[in-house]
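User: I'm new to this structure and would like a close look at one part of it. Could you walk me through chain A, and then show me what sits next to it?

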Amino acid sequence: MIGVLKAEIYKILRQSKTLYALAAIFIIEGFVLLSAYYQGTEIIDLLLANLKDSFEFKGNLLNGNLIIYMILNSLWFHIPLILMIVVSGFLTSEYKDRTVEAVLLQPVNKITFIGSKYIVSIIFTVLVVILLAITTFLISYMIFGKGDLVVYLDGLNFYPSNEAFWRLCCAFMVGTVSMLFFSVVSLTFAVFFKDATKTWIVSAIFLVCTNLLLKIDFNNSFWNSFFYSKLIDSWQYYFYYEIPYQTIYLNIAVLIFYCLIISGIGVIVFKRRDL
Amino acid sequence: MIFRATNISKSYGSLKALSEVNLECKKGEICGLIGANGAGKSTLFKIILGLIKQDSGTIEIDSFGLKPIGGIIEKPALYEYLTAYGNLKVFSQVQGLNISTTLYKEIMVQVGLHPERKDIVKNYSLGMKQRLGLAIALLNKPDCLVLDEPFSGLDPMGIHGFHKLIKKLSSENKITILISSHIVGELAELCDTLYVLNKGRMIRSGQADELYNTSVSSFKILGRGFQKLDFFNALNPVEIQGGYLVTTNRTKISSIIKEMAIHGAEITACIPQTDLKVLFDDECL
């Protein structure tokens, strides 16, 4: 298993598409920073127009913490989309080049091969989110400095700078589990569809549907609590005044359970199918 | 017997790809599998290599090494964004083999590739990719090699070079080689035994030269001064570029050539022509 994992990591590091994926994430980050730099003040003014009539605001609300929160919101769509494309490519490119056959002509167990793909996808996803978080914090604080965080979530919520920092850190950590879910799903799609284009289309549709389903009320407390789409936004709970820790921990546990089930299905299908 | 496939059957839906196929190879032997496109060669090889599962039948390999059998299915599948070293490294790692620089050089030289080449495999010719594919198949020293259509897409020089390499591997390393092609001549001169697969059924097997000879039903005779020979014209030769095509069997051709030489004809070549219909058609049995 260790040898197969090493080989997988070596391949990922040597593939140009890994660099393209990282570049795409930094481009998104750059766009958010640029738009905040040029238009941020106007947006803040618009958001707080009514409140400014009644309250006096001290300090700069367009600060690093707000920018980090804006970049954090790319966890809704942009980052999972990029992750799904790249992670599914770990397998679809092997089907396309028939290297999956070549590897399995060696004394390698099918479960070991696909299992290592899932493990490497998880490692890759975690590293991408960590890299995104580190660069976001560094660049945002360097350019915009620190300050209180204002978030619009069922109304305007204000957090002091230090509190905002750990809330943002926790949100990134919990968001990582959501990203893992999308990565695992896309790799399982790759097992089923084999073809890159089909997998990308299905992954994109899945992502869009997930975001739509998140907003739908199922009129059933079980489905509203445990359906997968209701669990992927747990990182947002860190921006309520009262953080519902129980709900967050339960959501993370259920989402990890979903990840295990989905990857288990992928492993079984890959093992049973002829190449 | 190092390798034996017994009563192998495989269907894809309603299509019967293989029907009770039997095949066996002795240690150090080169076995050829001939069949037209779609005969079931790749399916049989994929089953032998464990890539797909047979519906029924058994595969026995008398080898206890870590990797009893190595192979290439159709064109070699390589990581084109990696160098030759990168490819050998990846394929070594997955099977728990640590590839040292010495081993890398040794394998590259063995398959006739330059170990100093540092560019990515994408730049390699098909012949070089085949050789690298063979190098990968040889990792961990398998006792048996399965090569599916290894000459496909190679130029005549490439085919000649690959022939020599396979012969060398068989004679020097005592590796049993099972090789397929749809071109009879290629396998006839390379193999010890031949199997003929048609529409999923093994219709013939035997010594390569004997099987090849039974399928030869005409000869291309090149040279000059044939037209004036009455006995030659009585054979109803068909004129082709630079000579004639004569329909006869192996036992008669030597006396015909002898007679032609006595009567002053200048013969520059006599090339046996295989009749694929005889070889592939089981109704001719």
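Analyst: Of the 275 residues that make up chain A, 37% count as buried. Keep in mind that this is a predicted model. Chain A has 11 helices and two strands, and if you read along the sequence, the pattern goes α-α-α-α-α-α-α-β-β-α-α-α-α. So the two strands come one after the other, with helices before and after them. The radius of gyration is 21 Å, close to the 19 Å that the globule rule gives for 275 residues, so chain A is as compact as a globular protein of that length. Laid along its principal axes, the box filled by the C-alpha atoms of chain A is roughly 70 × 45 × 30 Å. As for who touches whom, take the contacts in chain A with a separation of 6 or more: 80% of them are between residues 24 or more positions apart.

Now for how the helices pack. Two packed helices are described by the angle between their axes and the distance between the axes. Start with helix α5 (residues 78-97) and helix α8 (residues 161-193), both in chain A: they pack at an angle of about 35°, and their axes are 8 Å apart. The crossing of α5(A) past α8(A) is right-handed. On the α5(A) side, the residues are A:Ile79, A:Pro80, A:Leu83, A:Met84, A:Val87, A:Ser88, A:Phe90, A:Leu91 and A:Thr92. They meet a set in α8(A) that includes A:Met179, A:Phe182, A:Leu187 and A:Phe189, along with the serines A:Ser183 and A:Ser186. Sorted by class, this contact has 13 nonpolar residues, four polar ones and no charged ones.

A second pair to look at is helix α4 (residues 64-72) and helix α7 (residues 110-144) of chain A. Their axes come within 8 Å and cross at roughly 145°, and the crossing of α4(A) and α7(A) is right-handed. From α4(A), the contact uses A:Gly64 plus three isoleucines, A:Ile67, A:Ile68 and A:Ile71. Facing them from α7(A) are A:Thr136, A:Phe137, A:Ser140, A:Tyr141 and A:Phe144. By class, the contact of α4(A) with α7(A) comes to six nonpolar and three polar residues, with no charged residues.

Next, the side of chain A that touches its partner. Here 22 residues of chain A are in contact with 24 residues of chain B. Two helices of chain A, α1 (2-14) and α6 (99-104), each supply at least two residues of that side. The biggest giver is α1(A), with seven residues. Unlike the helix contacts above, which have no charged residues, this side of chain A has seven charged residues, next to 10 nonpolar and five polar ones.

So what do α1 and α6 of chain A help to cover over in chain B? They are part of what covers the buried residues of α2(B), together with α3 (101-110) and α4 (126-137) of chain B. Nine of the 11 residues of helix α2 (residues 84-94) of chain B are buried, so this helix is largely enclosed by the rest of the structure. Among those buried residues are B:Ala84, B:Leu88, B:Val90 and B:Phe91, and also B:Asn87, B:Lys89 and B:Gln93. After α2(B) comes B:Gly96, with a positive phi near 70°.

Let's finish with the rest of chain B, the neighbour. Chain B has 10 helices and 13 strands, and 39% of its 285 residues count as buried. Its C-alpha atoms fill a box of roughly 70 × 45 × 30 Å along the principal axes. For contacts in chain B between residues at least 6 apart in sequence, 71% join residues at least 24 apart.

One piece of chain B to find by eye is an open sheet of three strands, in the order β2-β1-β4, with antiparallel pairing. Its edge strands are β2 (15-25) and β4 (56-61) of chain B, each pairing on one side only. From one strand to the next, the twist averages 20°. Strand β1 (residues 3-12) of chain B pairs with β4(B) over five bridges, and B:Phe3 stands opposite B:Ile61 in β4(B). Packed on this sheet is helix α1 (residues 41-48) of chain B, which touches β1, β2 and β4 of chain B and whose direction makes about 120° with that of β1(B).

Technical notes: Residues numbered from 1 in each chain as written. Chains lettered and ligands numbered in written order. Predicted model: local features only at pLDDT ≥ 70, side-chain atom pairs only at ≥ 80, totals over all residues. Axes fitted to C-alpha atoms, helices over the stretch in contact; angles between N-to-C directions. Helix = DSSP H or I, 4+ residues; strand = E, 2+ residues; numbered from the N terminus. Left-handed = near helix turned anticlockwise from the far one by under 90°. Contact = placed C-beta atoms within 7 Å. Nonpolar A, V, L, I, M, F, W, Y, C, P; charged D, E, K, R; others polar. Rg over C-alpha atoms; globule rule 2.2 N^0.38 Å. Buried ≥ 20, exposed ≤ 12 C-beta atoms within 10 Å, placed from the backbone. Pairing = 2+ DSSP bridges.
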